[in-house]
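The exercises below ask you to work through helix packing, nonpolar cores and single residues in one structure, each with a worked solution. Please try each task on the coordinates before reading on.

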Amino acid sequence: MDGLLSIGAILALLLLAGGAIALLGGRSAVSFRWLLAAAGLVLLNDALLTRVYRLAPDLIGGDWNWQGKLAALAATLALAALPILGWRASGLTWRQADLKGPLVVAGLYALLFVGLALAFPNEPADPETLAFQLTMPGLEEEAFYRGVLLLALDRAFTSRVRFLGVDWSWGAALSCALFGLAHAFGVSKGEVSFEPLVFALTAGPSLIAVWLRLRTGSLLLPVLMHNLGNAASLLI
């Protein structure tokens, strides 16, 4: 029940944001068909990650959510294969439109996390933790949040602002906000919790991932950066 309340509140915020943008920019500024599609994607992703809110058995086991992540990733890839979305439009391509600036940004990002890992070392990780952090978070979350969800939200909001060489939409900002809320917002035993620092540390860096995705046209660098950020302190 708590999981349903949490995702319900997040979806309500998404739809309220869409309504507010429509009021400010006019009805033509928002495609409610794509906004509802994006809300449906968020609900499906959350249901799969949580094994349909703990109703489905955990067949894989382990200390980490392998089953939820693999199910959510499989669904994202299947959705991206649909003609209305498309693998390349979703960023699921090896082809890079531009690498000069993105490689510099990715390199600085990597240096930052290597520096943090050296400054604040962790205990050695067990093999399962290392395997999970080097694969699942980047693959599943980037394919969803910077892939199919970003594409749906980009189509939901038509206005664009050119900045740092890419066209930003309200959809790009909302995809980052949703990513932050997924990590920082929750309902437990009827009590609502929100951690501003967690939100800032997830939604903020996701803006960099969105820029890389839009600049290169690919999820390759965002996935590599995400997994490095998660695993650097475990490797060093």
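**Exercise 1.** In this predicted model, determine how H7 and helix H10 (residues 220-235) are placed relative to each other, and which residues make the contact.

*Solution.* Begin with the axes: those of H7 and H10 come within 8 Å and cross at roughly 135 degrees. Angles over 145 degrees count as roughly antiparallel and those from 65 to 115 as roughly perpendicular, with oblique as the class for what is left, and H7 and H10 are therefore oblique to each other. As for handedness, H7 passes H10 in a right-handed crossing. The contact is formed by Pro137, Gly138, Leu139, Glu141, Glu142 and Arg146 on the H7 side, and by Pro222, Val223, His226, Asn227 and Asn230 on the H10 side. Sorted by class, the residues of this contact are four nonpolar, four polar and three charged.

**Exercise 2.** Carry out the analysis for helix H7 (residues 136-156) and helix H8 (residues 170-184), and then describe the surroundings of Phe179 in H8.

*Solution.* The axes of H7 and H8 are 9 Å apart, and the two helices pack at an angle of about 140 degrees. H7 and H8 are therefore oblique to each other, and their crossing is right-handed. From H7, the contact draws on Glu141, Tyr145, Arg146, Leu149, Leu150, Leu153 and Asp154, while H8 contributes Gly171, Ala172, Leu174, Ser175, Leu178, Phe179, Ala182 and His183. The contact of H7 with H8 comprises nine nonpolar, three polar and three charged residues.

Turning to Phe179, which lies in H8, the next step is its accessibility: the relative accessible area is 5%, so Phe179 is buried. When neighbours within four places in sequence are left aside, Phe179 is in contact with Glu141, Tyr145, Arg146, Thr202, Ser206 and His226. Thr202 is 23 residues away from Phe179 along the chain, yet the C-alpha atoms of the two are separated by 6.9 Å.

**Exercise 3.** Which orientation and handedness describe the pair H2 and H7, and which classes of residue make up their contact?

*Solution.* The axes of H2 and H7 come within 7 Å, and they cross at roughly 160 degrees. Since angles over 145 degrees count as roughly antiparallel, H2 and H7 are therefore roughly antiparallel to each other. The crossing of this pair, H2 and H7, is left-handed. H2 takes part through Trp34, Leu35, Ala38, Leu41, Val42, Asn45 and Leu49, and H7 through Glu140, Phe144, Val148, Leu149, Ala152, Leu153, Arg155 and Ala156. In terms of class, the contact of H2 with H7 has twelve nonpolar, one polar and two charged residues.

**Exercise 4.** Which residues have the most contacts inside the largest nonpolar core, and which element gives the most to this core?

*Solution.* The largest nonpolar core has 33 residues, and those with the most contacts inside it are Leu149, Leu153, Phe157 and Leu178. At least two residues of this core are supplied by each of helix H1 (2-25), helix H2 (32-49), H7, H8 and strand S3 (185-188). The element that gives the most to this core is H7, with eight residues. Apart from this core lies another, of twelve residues, among them Leu150, Ala172, Cys176 and Val210. To see the surroundings of one core residue, set aside residues up to four places away in sequence: Phe157 then touches Gly18, Ile21, Ala29, Val30, Leu35, Ser169, Trp170, Gly171 and Leu174.

**Exercise 5.** Is Gly68 buried or exposed, and which residues does Gly68 touch?

*Solution.* Gly68 is found in helix H4 (residues 66-80). With a relative accessibility of 0%, Gly68 counts as buried. Residues up to four places away in sequence not being counted, Gly68 touches Leu48 and Leu49. Arg51 is 17 residues from Gly68 in sequence, and their C-alpha atoms are 5.8 Å apart in space.

**Exercise 6.** Where do Arg54 and Leu164 lie, and are these residues buried or exposed?

*Solution.* Arg54, found in helix H3 (residues 51-54), has a phi near 70 degrees, a positive value in a residue other than glycine. Its relative accessibility is 57%, so Arg54 counts as exposed. Leu164 is located in the loop between strand S1 (161-163) and strand S2 (166-168), and its phi is positive, about 55 degrees, although Leu164 is not a glycine. Leu164 is exposed, with a relative accessible area of 53%.

Definitions and conventions:
Residues are numbered from 1 along each chain as its sequence is written. This is a predicted model: local features need pLDDT of at least 70, side-chain atom pairs count only at pLDDT 80 or more; totals for chains, interfaces and linings use all residues. Side-chain values use heavy atoms; hydrogens and water are left out. Axes are lines fitted to C-alpha atoms, for helices over the stretch in contact, and angles run from 0 to 180 degrees between N-to-C directions. Helices (H or I, at least four residues) and strands (E, at least two) are DSSP runs, numbered from the N terminus. Angles under 35 degrees count as roughly parallel, over 145 as roughly antiparallel, 65 to 115 as roughly perpendicular and the rest as oblique. A crossing is left-handed if the near helix is turned anticlockwise from the far one by less than a right angle, and right-handed if clockwise. Contact means heavy atoms within 4.5 Å. Ala, Val, Leu, Ile, Met, Phe, Trp, Tyr, Cys and Pro count as nonpolar, Asp, Glu, Lys and Arg as charged, and the others, Gly among them, as polar. A nonpolar core is a set of buried Ala, Val, Leu, Ile, Met, Phe, Trp, Tyr and Cys residues joined through side-chain atoms within 4.5 Å. Buried means under 20% relative accessible area, exposed over 50%, partly exposed in between (1.4 Å probe, protein chains only).
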